[in-house]
Amino acid sequence: DKYTLSVGVSDGVNVVVAQVIVQVLNLNDRPVVDNAFFTVMEDSPVNAIVGTKLNGTDDDVDQTILFKILGGNTDGAFKISGCAGQIRVAQPIIDYENAIFGGINAPHKDRQYHLHVMLIDDGVPPLNDTATVTIQVLNKNDRPQFPDARRNITENSAKGDPVGEKLYVFDPDLDELVYEIDSDLTKDSA
C-alpha cells in the first residue's frame, strides 16, 4: 500500500508544502497449518485418500505454500501432495493386526501413525509451521486361514474318536471361530 501526505513547514513567515509518499512494505507472514486426526482402513490400496486436505493458510496471498512430511512416516506408508496438502497411502503395508508397524524399532501399539508435517512458504525469508497429523488404522475383518488337509482314521473307529491330528486354522483378527462339517460328504476313492 502507498499513502501520499501533504506536509507543511513554516518559519513564521514562509510556508512550504511538500508531498511525502509513504510506501508500506510487506513482511512475510508465517503460514499456519492445523493439527489433524484421520482414519484409514487397513489394507487400503496405494493412492487411497486419507482424510481431507490439511488446513493450511498463509496471509500472503501471492505466495506458494508447500506441505512436507518430516517424520513419523514409518516405512514411507504415506505421501502428501505438496501444494494441496492431501495425504494418501504410499505403500500397501497398513495392517491393523501388526501391533508394531514397520518392525521392531517403530512401535505403533496404539495402531496410529503420528506424522510430523511442515507447511513452508516461498517468501523472503521462507517461513514455516508444523503440525501433527494422527492417522488411526481401522480394522477390517480378515479371512481366516484354513488350508486344505488330509487326515486318516482307522476303520471301525468308535464314535467320538479323533480323526487324525488337529486341523490348523488361523484368524488374523483372533475372532472366535465356529466349525461345522459340510453335510455334503463325498467318498473319494484315493
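This tour moves from a group of paired strands to the charged residues around Glu42 and Lys140.

The model is predicted, so local features need pLDDT of at least 70 and side-chain atom pairs count only at pLDDT 80 or more, while totals for chains, interfaces and linings use all residues. Residues are numbered from 1 along each chain as its sequence is written, and side-chain values use heavy atoms, with hydrogens and water left out.

Select strand 11 (residues 128-138) together with strand 4 (residues 36-41), and you will find them paired in the parallel sense over six bridges; strands here are DSSP runs of E, at least two residues, numbered from the N terminus, and two of them pair if DSSP finds at least two bridges between them. Within this pairing, Phe37 stands opposite Thr134. Add strand 10 (residues 112-121), which pairs with strand 11 in the antiparallel sense over nine bridges and forms a hairpin with strand 11, six residues lying between the two.

Next, select Glu42, in the loop between strand 4 and strand 5. Glu42 is buried (under 20% relative accessible area, 1.4 Å probe, protein chains only) and has no salt bridge (a side-chain nitrogen of Lys or Arg within 4 Å of a carboxyl oxygen of Asp or Glu). The nearest side chain of opposite charge, Lys140, is 6.2 Å away, yet the side chain of Glu42 reaches the backbone nitrogen of Lys140 at 2.8 Å.

Finally, show Lys140 with Asp43, whose side chains meet in a salt bridge at 3.1 Å, N to O. This pair links distant parts of the chain, 97 residues apart.

Notes: Helix = DSSP H or I, 4+ residues; strand = E, 2+ residues; numbered from the N terminus. Buried < 20%, exposed > 50% of the residue type's maximum accessible area, 1.4 Å probe, protein only. Lys, Arg positive; Asp, Glu negative; His and termini not counted. Polar contact = N/O pair within 3.5 Å; in protein donor to acceptor, adjacent residues only side chain to side chain.
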